[in-house]
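Ready for a few exercises at your own pace? Keep the viewer open and try each task before you read its solution.

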Amino acid sequence: MAGYRSAGGVARAVALSGEETLRRLGAESEPVARGLLVPLVHVDPQAGALRRRVPVAELSSGSASVEGQVLAEFVRARLVTVTVADGGEQAELAHEALVRAWPRLGNWAETARAGLLVRRRLAEDAEMWQRDGQDTSYLYTDDRLATAQAAVAALPAASAPAAPAPRAGAPRDASGAITPVEREFLDASRRRQGRRSQIIRGAIATLGLLLLVATTGAIVALVQNSGSTRLAGEAGAQRDQALSRQVAAAATTSRDSSLASQLALAAYRLSATPEARGALLGSLSRPVGARMTGHTAPVERVAYRPDGRVAVTASGDTTARLWNVTDSLRPKSLGVVKGHTGGVLAVAFSKSGKVLATGSADGTARLWEVSDTAKPRALATLKGHKEQVGAVSFSPEGNLLATSSTDGTMRLWNVQDPAKPAQISVVTQNSDPTRAAFSPDGRLVALASTGGTISLLDVRTPAKPAVLATLTSAEGAVRSVTFAPNGRYLASSSATGKVQLWDIAATKLVGTASGHSGAVDDVVFSPDGAVLASASADATVRLWSVENPREPEGTATLAGFPDAVTGVAFSPNGQNLLTSAVDGVARLWNVTNTSRTSPFARLGLHTGQVNGVAIAKGGATLATASDDETVRLWNISDPAVATPESTLSGHTGQVQSVAFNPDGTRVVTASDDKTARIWDVSETTAPKLLGTLTSHTDGVRSAAFSPDGKMVVTTGRDGRTLLWNVATPSSPKQVATVGAADRRVTKAVFRPDGRALATGSGTGSVRLWDVSKPAEPRALATFAAGTGSVLDLRFSRDGKTLATASSDGTARLWDVAAPASAKKLADLPGHSAAVSAVAFSGDDRTLVTASQDMTVQVWNVVTPARPALWAVFAGRGASGDVELGPDGTVLAAASGSAAQLWGLNVEQASANVCEASGTSISRTEWARYLPGRPYAPPCAATSATPSAN
């Protein structure tokens, strides 16, 4: 059973079963499988993907059809069930876990979700258009109209998930795909677009007539005027481009991912510069929380009402604010709690949710009636503390309140009648209390202190609290404390950044979570106790799996904060996390799946720099090579999760490169330990070493398979380029040494036909070799490829173009169709440091370059002699390698000690910004970043949400 759990349990079994079924069906059946399975998934905007039942008749025309046979295979694999009901056969996914555990199905569902986002925006815009008297300013034009029409047209055929239910009185049309108001809105948009086109055509026709009848003088005047208009237009476009790049740079450097994503979208809409496009696409690789703005000072703490519909934020601006968080994507401000004369430092709801407690720097705690969330009302002021009240906590039943203060005391209050609270007892400590928390059964209070102790108090007799035990932390002052839902464990945090887990019954430390680089000010368990969230002064929130408290494991890092994070709170259903921060903004994060915090993941398990990345055929597996002497395999079929599959261990030196063979079943790794190794990775969870290549006398810099997978070429620091026969990988044979020794040789790659080889050198030269007879390599040509070292080189799929990366900061394209007369096609400038790597897309239309300047550039090379920069991504560290997925929608780049996945779908990025970022950019922020431009937030505000009372 332990082995089963370590392998992922049911989730792993389900995912493996799904992949195995697809493998048996064959690649040609994958589109059919997708068409069958996606309709069985309902994608809810908030709850995520859920299974649903669909009539079999809607999926296939009969058991003899291709669809019917594929469906039968999934039924045999027990992944789909078919039941007979009154209306006929119904198909349904066999496991709810299948939707979440099988990354490929999750990715298919997420793709379908894009249509849902467009549909939801259409529903909102159509409603606002209708409500405001069919104001034409709401109508769609150009790309937005085309996107909406495509989403609506594709909905029935793709079995897309339904949009949110319409309001009463707004039924769907006969197809069930769109409401009459939405249809009318689209029709009006099309008519308006048609009128615009007619006007343009009419204007062109009129101008043509004028040109025919005008005098020579009039023609000259027209030409002059046209020239002036053109120059003015060009000047305006240049200004827009300059501002777009400026705003994109601000978005790239901003640590506030919510604001940054909106700035990126605004920059892109202003002018689609490569920098703006890269910033927008880059937002897909950063966690984005929904902003909740309104406070004018740091937000100190956050809390949820027990029903999860309302949240509260406490701030140093002397107020607490209530928020409607029923729609976690669009939190709405409700009432404001006012009355304290100092900053509000702590906040808590009673069990009923009708009473709110606050603690303040003014030395008081207060109780508020919040049944009417729009009009909170003061009930009572709790006086007695002589200094600031930093913590308030209700007992589970809500009849007791604990308050702790820097005056060295904790006080218990009877709040059975919140309008008449009465102090019951005072607990005095030698060091100041920092936080007090009730146990789930209400029998204990954990009292943390600056002295590094946690006192466990028996409060069954509130008038006489008794110390049962004292836990002492070696990390010094305890900043926060919280009980696990089962009451068995306690979590505490410290100024050192450590989070500690304690066994209450044994009164001892059982586990420590390390990773923060600053003090941790708040910790909280998820409602099921499986996850612990920690908020730190290092401007991050970390999520830890604590299913085994003795070995807490980091599962995600939320890094979208510009400054210290002060508080965290899980929603009662565990799907969302509310955070507070010093920048005065609260943020709401979707943590339904703690491994899925952004659409494209950052893979950060290596402990050393990542030097190489490679993607297997099919695009589902990524390999990363690192200075930590290992290679890791990742399942990236769902790029948001990127599940680690296994680790290839055995090298005794830094691993410099990794490459897959053509069918993706083997990898070759090159290491500073003077060897290259070949591994069987046909089972990515159980890789096996097949053979070791040992002829180099110094570190091996690179290794690559030939197109047929039977040969390997390696380059080494000993200056040699070696050819190997690896048809039998357990006994590889050195076939030849390619050319004379060149101690500055860097990289060697095969041409796609396998008959030629290219090598790069630190001398700045590229050599082409005929290896049609591997035992007798023959020189074809040598040419200078720049003023710096050649660090990487790749052939296009047709073998006619060679891309080179140089330490002089420039990538270059070369025509090598005739190797003896190779000629340069184009320079690809723009990087400010060495270009480390280059990679072509599968269709040769795109080239990606990675650089030590921490950027990745994407180029359109449809015409290799005229490459056009398409996007610029800003990474977190120097990028040593880059690879494009086979379908061109995902790229992976080495980024410091991690690998970063990036998406290339602009529409997905735009939808994600408006879905996840919450409160729109304010007028003040707009004026700061886009001065002189009319206020036009990229994500239009929606109508007010009703009270959540």
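The exercises below work through a predicted model, moving from its nonpolar cores to salt bridges and then to strands.

**Exercise 1. The nonpolar cores**

Find the residues that touch the most other members of the largest nonpolar core, and name the helix that gives the most to this core.

Solution.
- Step 1: The largest nonpolar core has 55 residues, and those touching the most other members are Leu-622, Phe-873, Val-882, Leu-891 and Leu-901.
- Step 2: Helix 10, spanning residues 257-270, gives the most to this core, contributing seven residues.
- Step 3: There is also a second, separate core of 24 residues, including Ala-33, Ala-91, Leu-93 and Ala-109.
- Step 4: Now zoom in on Leu-622. With neighbours within four places in sequence left aside, Leu-622 has contacts that include Leu-603, Val-613, Ile-615, Trp-634 and Leu-901. Arg-632 is also among the contacts of Leu-622.

**Exercise 2. A salt bridge between two loops**

Locate the salt-bridge partner of Arg-743 and work out which parts of the chain the pair ties together.

Solution.
- Step 1: Start with the chemistry: side chains of opposite charge can pair when their charged atoms come close.
- Step 2: The partner of Arg-743 is Asp-698, with 4.0 Å between the closest N and O atoms. The cut-off for a salt bridge is within 4 Å.
- Step 3: Arg-743 lies in the loop between strand 46 (733-737) and strand 47 (745-750), while Asp-698 lies in the loop between strand 42 (688-693) and strand 43 (700-705), so the pair ties together parts that are 45 residues apart in sequence.
- Step 4: Check the surroundings of each partner. Arg-743 is exposed, at 54% relative accessible area, and Asp-698 is partly exposed, at 28%.

**Exercise 3. Buried or partly exposed?**

Classify both partners in the salt bridges Asp-770 with Arg-778 and Asp-808 with Arg-812.

Solution.
- Step 1: You need one cut-off: a residue is buried when its relative accessible area is under 20%.
- Step 2: In the pair of Asp-770 and Arg-778, the closest N and O atoms are 2.8 Å apart. Asp-770 has 15% relative accessibility and counts as buried; Arg-778, at 46%, is partly exposed.
- Step 3: Asp-808 and Arg-812 meet at 2.8 Å, N to O. Here Asp-808 is partly exposed at 26%, and Arg-812 is buried at 10%.
- Step 4: Follow the shared partners. Asp-808, Arg-812, Lys-824 and Asp-827 are joined into one network of salt bridges.
- Step 5: For the overall tally, the count is 27 salt bridges.

**Exercise 4. Strand 21 and its partners**

Which strands pair with strand 21, and in what sense?

Solution.
- Step 1: Strand 20 (residues 444-449) pairs with strand 21 in the antiparallel sense over five bridges. Ala-448 has Ile-454 of strand 21 as its bridge partner.
- Step 2: Three residues lie between the strands of this hairpin, and Gly-452 takes a positive phi near 85°.
- Step 3: Strand 22 (residues 466-472) also pairs with strand 21 in the antiparallel sense, over six bridges. Asp-458 is matched with Ala-466 in strand 22.
- Step 4: Five of the six residues of strand 21 (residues 453-458) are buried, so this strand is largely enclosed by the rest of the structure.

**Exercise 5. An open sheet**

Identify the edge strands of the open sheet with the order 3-5-4.

Solution.
- Step 1: Three strands make up this sheet, with antiparallel pairing.
- Step 2: Strand 3 (54-55) and strand 4 (80-85) are the edge strands, as each pairs on one side only.
- Step 3: Strand 4 and strand 5 (residues 88-93) are joined by six bridges, and Thr-83 has Gln-90 of strand 5 as its bridge partner.

Notes: Residues numbered from 1 in each chain as written. Predicted model: local features only at pLDDT ≥ 70, side-chain atom pairs only at ≥ 80, totals over all residues. Heavy atoms only, no water. Core = buried A, V, L, I, M, F, W, Y, C linked by side-chain atoms within 4.5 Å. Buried < 20%, exposed > 50% of the residue type's maximum accessible area, 1.4 Å probe, protein only. Helix = DSSP H or I, 4+ residues; strand = E, 2+ residues; numbered from the N terminus. Contact = heavy atoms within 4.5 Å. Salt bridge = Lys/Arg side-chain N within 4 Å of Asp/Glu carboxyl O. Pairing = 2+ DSSP bridges.
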